[in-house]
Amino acid sequence: MCGIVGYIGKEQAAPILLEGLSRLEYRGYDSAGIAVRENSAPDAKINIVKAKGRLKALLEKTDCGRSVPGLCGIGHTRWATHGEPNDTNSHPHISEDGKIALVHNGIIENYMELRQYLQEKGVHFTSETDSEVVAQLLDHFYKETGSILDALYMVLHR
């Protein structure tokens, strides 16, 4: 079963996210990942690190979180539903322009229809997951409306 952890605060996010994910290990998973925003600037980079297998692999990739600076982030442990367990299909997923990162639990039943819609608009996908479709769709509607709230409404409607 998947697990989600989020953090916004005054401490470095990555170690806190990794600690939170470690508390969810009992739920079972096949991969894990974190997304951490470098700073609060509107154009701040979001760094994503993902690893197939146990959380230990993610801890090693991030030097226990020390190599991923930032005060805001999300983490996820994944139990594969769409796409094989690997680093690419692990969460978090990021929009094509790198501005929106997303984790998701559950299944998007109409993801193939949404994926095709976005591909016809020129969006390129990197994973085989239904969750990446949501990240790309949110980014698409955000660019269209200029409002994250309107974009969220449009995504939920679809």
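A salt bridge here is a side-chain nitrogen of Lys or Arg within 4 Å of a carboxyl oxygen of Asp or Glu. This is a predicted model, where local features need pLDDT of at least 70 and side-chain atom pairs count only at pLDDT 80 or more, while totals for chains, interfaces and linings use all residues. Residues are numbered from 1 along each chain as its sequence is written, and side-chain values use heavy atoms, with hydrogens and water left out.

**Exercise 1. Find the partner of aspartate 87 in a salt bridge, and say which parts of the chain the pair ties together.**

Step 1. Start with the count: the rule gives 6 salt bridges.

Step 2. One of them joins the side chains of aspartate 87 and lysine 61, at 2.8 Å from N to O.

Step 3. Now place both ends. Aspartate 87 sits in the loop between strand 4 (72–78) and strand 5, and lysine 61 sits in helix 2 (residues 55–61), so the salt bridge ties together parts that are 26 residues apart in sequence. Helices (H or I, at least four residues) and strands (E, at least two) are DSSP runs, numbered from the N terminus.

Step 4. Check the surroundings. Buried means under 20% relative accessible area, exposed over 50%, and partly exposed in between (1.4 Å probe, protein chains only). With 32%, aspartate 87 is partly exposed, and lysine 61, with 44%, is partly exposed too.

**Exercise 2. Work out which residues are linked with Asp97 in a network of salt bridges.**

Step 1. Look at aspartate 97 and lysine 143: they form a salt bridge whose closest N and O atoms are 3.3 Å apart.

Step 2. This pair links distant parts of the chain, with aspartate 97 in the loop between strand 5 and strand 6 and lysine 143 in helix 4, 46 residues apart.

Step 3. Add the third member: Asp97, Asp139 and Lys143 make up the network.

Step 4. Compare accessibility. Aspartate 97 is partly exposed at 32%, whereas lysine 143 is exposed at 54%.

**Exercise 3. Describe helix 4: its span, its ends and what covers its buried residues.**

Step 1. Helix 4 runs over residues 130–145, 16 residues in all. From first C-alpha to last it reaches 23 Å, close to the expected 22 Å (the expected span is 1.5 Å times one less than the number of residues).

Step 2. Look at the start, where a side-chain oxygen of threonine 129 comes within 3.1 Å of the backbone nitrogen of glutamate 132.

Step 3. Then look just past the end: glycine 146 has a positive phi of about 75°.

Step 4. Count the buried residues. They number 12 of the 16, so helix 4 is largely enclosed by the rest of the structure. Among them are Val133, Val134, Leu137, Leu138 and Phe141.

Step 5. Finally, see what covers them: the cover includes strand 5 (93–94), strand 6 (101–102), helix 3 (111–120) and helix 5 (148–157).

**Exercise 4. Decide how the buried residues of helix 3 are arranged around its axis.**

Step 1. List them: Tyr111, Leu114, Arg115 and Leu118 are buried.

Step 2. Look down the axis. These residues fall within an arc of 100°, so they line one face of the helix (the arc is that of the directions from the helix axis to the C-beta atoms).

Step 3. A bit of background helps: an α-helix has 3.6 residues a turn, so residues three or four places apart point the same way.

Step 4. Turn to the other side of helix 3, where Met112, Glu113 and Glu120 are exposed.

Step 5. Ask what the buried residues of helix 3 pack against: that's helix 4. Contact means heavy atoms within 4.5 Å.

Step 6. Just after helix 3, glycine 122 takes a positive phi of about 95°.

**Exercise 5. Place asparagine 47 in its strand and name what it touches.**

Step 1. Asparagine 47 belongs to strand 3, which covers residues 46–52 and has 5 of its 7 residues buried.

Step 2. Strand 3 runs antiparallel to strand 2 (residues 31–37), and 7 bridges join the two. In this pairing, serine 31 is opposite lysine 52.

Step 3. Asparagine 47 itself is buried, at 16%.

Step 4. Leaving out residues up to four places away in sequence, asparagine 47 touches Ile34, Ala35, Val36, Glu38 and Val68.

Conventions. Polar contact = N/O pair within 3.5 Å; in protein donor to acceptor, adjacent residues only side chain to side chain. Pairing = 2+ DSSP bridges.
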